[in-house]
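Subject: The structure I promised

Hi,

Here is the structure we talked about, with my notes underneath. Have it open while you read, and shout if anything is unclear.

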Amino acid sequence: MKKTLSLLLISSVILLSCKKDKQSTEEKLQGKWTMKSIVENHYYSGSSHIHTYPASPGDYLDFRSNNTVIISLGGSVDTFTYGLPDDNHLWIDDPAELYEIKTLTKSQFVIANRDDDPNGDYYEVTINMEK
């Protein structure tokens with residue numbers, strides 16, 4: 001009986017210690033993300049016109065737990081509110097303008113926004129960041 005109880009206790013400890021806590025999207029988002037590049041795609045006349053721009057040194061987004069984000073872009077620093085309506089979307093300053101969260105890991109963050117025209121053309125911007 002004592003041996004069975006000991007095995008049960010050891011098994012429980014092993015199972016509980018192996019369980020990994022999954023971070024929420026909100027938790028992964030927190031902190032300072034350095035911008036690496038901005039990719040713009042102007043789709044018109046049946047083809048994509050893609051331009052990639054490297055970020056300037058010092059460009060970043062710093063997400064705070066109070067639903068504010070400090071954005072440094074081209075030497076200008078501003079503070080905005082942000083929200084996460086679900087795990088796959090983010091808005092900054094305007095809840096009607098959603099960014100799709102393409103990638104969000106401990107070290108990589110990619111968001112994209114696409115505006116469609118009624119004629120089938122569109123403009124899409126992708127922002128690549130890392131910690």
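One term before we start: contact here means heavy atoms within 4.5 Å. Please also keep in mind that this is a predicted model.

With that in hand, take Phe109. Skipping its neighbours within four places in sequence, Phe109 is in contact with Leu29, Trp33, Phe63, Leu90, Ile101, Thr103, Leu104, Ile127, Asn128 and Met129. Is Phe109 buried or exposed? Phe109 has a relative accessible area of 0%, so it counts as buried.

Stepping back to the whole chain: there are two helices and nine strands, and along the sequence they run α-α-β-β-β-β-β-β-β-β-β. The chain has 131 residues, and 29% of them count as buried. Its accessible surface is about 8,900 Å², with 54% of that belonging to carbon and sulfur atoms. If you take the contacts with a separation of 6 or more, 39% of them are between residues 24 or more positions apart.

Now the core. The largest nonpolar core is made of 18 residues, and the ones with the most contacts inside it are Leu61, Phe63, Leu90, Ile92, Phe109, Ile111 and Met129. Which strands supply at least two residues each to this core? They are strand 1 (31-44), strand 3 (60-63), strand 4 (68-73), strand 6 (89-92), strand 7 (98-104), strand 8 (108-116) and strand 9 (122-130).

Ile111 is another core residue worth clicking on. Ile111 sits in strand 8, and its relative accessible area is 1%, so it is buried. Beyond four places in sequence, Ile111 is in contact with Leu90, Tyr99, Glu100, Ile101, Lys102, Val125, Thr126, Ile127 and Met129. Take Thr126 from that list: Ile111 and Thr126 are 15 residues apart in sequence, yet their C-alpha atoms are 5.7 Å apart in space.

Next, the aromatics. How many aromatic pairs does a search of the whole structure find? It finds four. One pair is Phe63 with Tyr82: the ring centres are 5.0 Å apart and the planes are at 90°, so this is an edge-to-face pair. The pair links distant parts of the chain, with Phe63 in strand 3 and Tyr82 in strand 5 (residues 76-86), 19 residues apart. Phe63 counts as buried because its relative accessibility is 1%, and Tyr82 counts as buried at 1% as well.

Phe63 also pairs with Phe109. Here the ring centres are 5.9 Å apart and the planes are at 75°, so this pair is edge-to-face too. Again distant parts of the chain are linked: Phe63 is in strand 3 and Phe109 in strand 8, 46 residues apart. Trp33, Phe63, Tyr82 and Phe109 form one aromatic cluster.

Two charged side chains are worth a look as well. Lys32 lies over the face of Tyr60, 4.2 Å from the ring centre. Arg114 lies over the face of Tyr122, at 3.6 Å from the ring centre.

If you want a quick tour, begin at Phe63, which is in the aromatic cluster and is among the core residues with the most contacts inside the core. Then move on to Phe109, which is also in both groups.

Cheers

Notes: Residues numbered from 1 in each chain as written. Predicted model: local features only at pLDDT ≥ 70, side-chain atom pairs only at ≥ 80, totals over all residues. Heavy atoms only, no water. Core = buried A, V, L, I, M, F, W, Y, C linked by side-chain atoms within 4.5 Å. Buried < 20%, exposed > 50% of the residue type's maximum accessible area, 1.4 Å probe, protein only. Helix = DSSP H or I, 4+ residues; strand = E, 2+ residues; numbered from the N terminus. Phe/Tyr/Trp six-rings, centres within 6.5 Å; stacked < 30°, edge-to-face > 60°. Lys NZ or Arg CZ within 6 Å of the ring centre and 35° of its normal. Areas by Shrake-Rupley, 256 points an atom, 1.4 Å probe, with all protein chains shown as cover.
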